[in-house]
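Biologist: Hey, I've just opened this one and I'm new to it. Can you walk me through a few spots?

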Amino acid sequence: MAANIQLKLDTQYIHDSRLGLHRLSAEQLNDVYPRVGGILAEIADERRAGRHRFRELPHERPGVEAVMQAVADYHDSTDNLLVLGIGGSALGNIALQSALNPYTYNLLPREDRRGPRLFVLDNVDPVYFEAVMDFVGRDWSRTLVNVISKSGETAETSAQFLIVRNRLVEALGKAEGEDRIVVTTDAAHGTMRKIVNEQKYRSLIVPDGVGGRFSVLTPVGLFSAAMCGIDVDALLSGAAAMDAAVSNPDPAINPAAKIAAIHYLYMELGKSLHVMMPYSQQLKDLADWYRQLWAESLGKIRPDNQENVGPTPIRALGATDQHSQVQLYREGPHDKVFTFLEVEEFDVDTIIPRGFPGVEAMEYLGRSEEGTLGGLLNIEKKATALALLASQRPSMTIRFPAVNERTVGEFIYLYESVIPIMGKLLGVNPYDQPAVELGKQLTFHFMGRQGYEKMPE
Ligand code: PA5
């Protein structure tokens with residue numbers, strides 16, 4: 001990737017001759033690059049005309065000041081931050097937290113945490129919900145509720161909000177209870193904005209033209225991140241640096257264009273499943289975030305010929321899923337392309353001690369030059385990539401020198417930028433999600449919402 005980009009894209013195992021018929025040649029890529037180059041030029045023009053709004057976020061930083069003001073106002077008075085949201089209004093928050101704060105963050109004493117505990121409630125399962133209610137309900141006065149809904153119409157989020165608001169008001173009274181609510185929603189539209197205006201709730205704005213799954217670098221994702229001590233400036237500067245790389249008009253150098261071209265060519269060759277497999281527990285939820293971005297943006301009916309298109313994104317985790325999925329990945333159908341996420345330097349690493357002298361099955365672990373947990377994890381990644389190669393399964397690797405705000409910001413912006421290129425290659429609009437609507441409308445119908453009396457089809 002470009003010189004000032006810290007992530008490295010390694011496509012060696014796309015081109016390796018051991019892949020046989022499953023190899024992509026330089027000629028195949030060169031054949032598709034003129035078309036991708038045209039798409040890059042089109043996107044650049046459209047961007048100048050105000051489209052692809054997510055691309056401007058790291059530069060224009062809409063709402064960042066308001067986020068930091070809200071953090072200044074609430075950080076010290078909050079022990080529990082409760083985020084109510086779903087889909088694009090939750091997955092980014094979860095991904096940032098698990099990538100950039102320790103796994104045990106919520107269990108740590110306050111002095112060892114950079115902010116409040118974070119609970120992102122992205123489901124309406126009552127058992128899950130009430131478990132969190134029981135916990136934060138021990139002291140509502142030190143709980144802050146961030147309701148996130150761009151549309152302001154989402155049944156799951158609205159239901160949670162109704163319950164949580166009642167409990168806050170019951171515990172603290174109307175004025176104090178409602179002071180513990182921050183709503184993140186559209187500036188002008190939707191029921192949630194109407195409620196904010198009427199009830200005078202504190203609010204943050206989801207910028208115009210940025211859809212849920214592209215909104216992690218807006219107040220949607222940044223408020224909970226900043227509350228929990230994550231450096232949002234560094235995140236945004238990682239994204240801004242990646243913008244320079246993915247704005248390169250040459251698809252052979254532009255990493256987003258290259259990733260899109262590889263997936264497109266493989267889809268044409270019948271490989272429509274994409275497995276993203278981080279070898280890093282920290283990056284697991286980022287792969288979940290990617291899964292929504294890819295699925296909701298690209299799984300569509302082509303308007304020109306009614307063809308059903310779209311790669312299926314799959315999230316796996318190394319080394320865990322070596323013991324769960326790799327059998328299928330090596331010997332199952334030849335329908336997958338793999339992307340590994342690898343971390344060169346872990347924040348901490350743990351030496352594996354030597355033990356059980358004479359028991360070779362134990363001893364080699366502590367004797368090896370790679371005898372740390374991080375060393376073992378990276379060797380297992382290398383081993384899996386080679387094992388897949390031996391079964392003629394192509395893979396790419398994205399290397400993180402380290403997992404930090406800068407590299408996570410780069411990654412987010414990189415994969416978001418792949419989407420409009422893929423959208424144009426597949427002939428679909430990546431910014432809508434028409435097929436999600438019917439399920440929502442049927443829910444309204446069965447829940448008796450006025451205006452939905454007739455069963456929608
Ligand atoms: O990416 C999307 O647009 C969706 O996943 C939405 O984020 C999700 O449906 C939640 O919508 P809202 O934020 O309007 O409540």
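Modeller: Sure, let's start on the surface: Phe-356, Val-359 and Met-362 make a nonpolar patch of about 290 Å². Patches are made of residues with over 30% relative accessible area and no salt bridge (a side-chain nitrogen of Lys or Arg within 4 Å of a carboxyl oxygen of Asp or Glu). Like charges are joined within 9 Å, and nonpolar side chains (Val, Leu, Ile, Met, Phe, Trp, Tyr) within 5 Å. Areas come from the Shrake-Rupley method with a 1.4 Å probe, and for residues only the protein chains shown count as cover.

Biologist: What should I know before I trust any of this?

Modeller: This is a predicted model, where local features need pLDDT of at least 70 and side-chain atom pairs count only at pLDDT 80 or more, while totals for chains, interfaces and linings use all residues. Residues are numbered from 1 along each chain as its sequence is written, and side-chain values use heavy atoms, leaving out hydrogens and water.

Biologist: Where is Met-362 found?

Modeller: Met-362 is in helix H15, residues 360–367. Helices (H or I, at least four residues) and strands (E, at least two) are DSSP runs numbered from the N terminus.

Biologist: OK, the ligand now. Which residues come nearest?

Modeller: Of the 13 residues around the ligand (a heavy atom within 4 Å), those are Ser-89, Ser-149, Ser-151, Thr-154 and Gln-292.

Biologist: How far is the Thr-154 side chain from a ligand oxygen?

Modeller: One of its polar atoms is 2.5 Å from a ligand oxygen. For Gln-292, a side-chain N or O atom sits 2.6 Å from a ligand oxygen, and for Arg-213 a polar backbone atom is 2.9 Å from one. The protein covers 90% of the 380 Å² of accessible area the ligand has on its own.

Biologist: And Ser-89, buried or exposed?

Modeller: Ser-89 counts as buried because its relative accessibility is 8%; buried means under 20%, exposed over 50%, partly exposed in between (1.4 Å probe, protein chains only). Ser-89 lies in the loop between strand S2 (80–84) and helix H5 (91–100).

Biologist: Switching topic, where is Tyr-279?

Modeller: Tyr-279 is in the loop between strand S7 (273–278) and helix H13 (284–298). With a relative accessible area of 0%, Tyr-279 is buried.

Biologist: Which side chains make polar contacts with the side chain of Tyr-279?

Modeller: Gln-322 does at 2.7 Å, and Thr-384 at 2.8 Å. A polar contact is a pair of N or O atoms within 3.5 Å; within protein, one must be able to donate a hydrogen and the other to accept it, and residues adjacent in sequence count only if both atoms are side-chain atoms.
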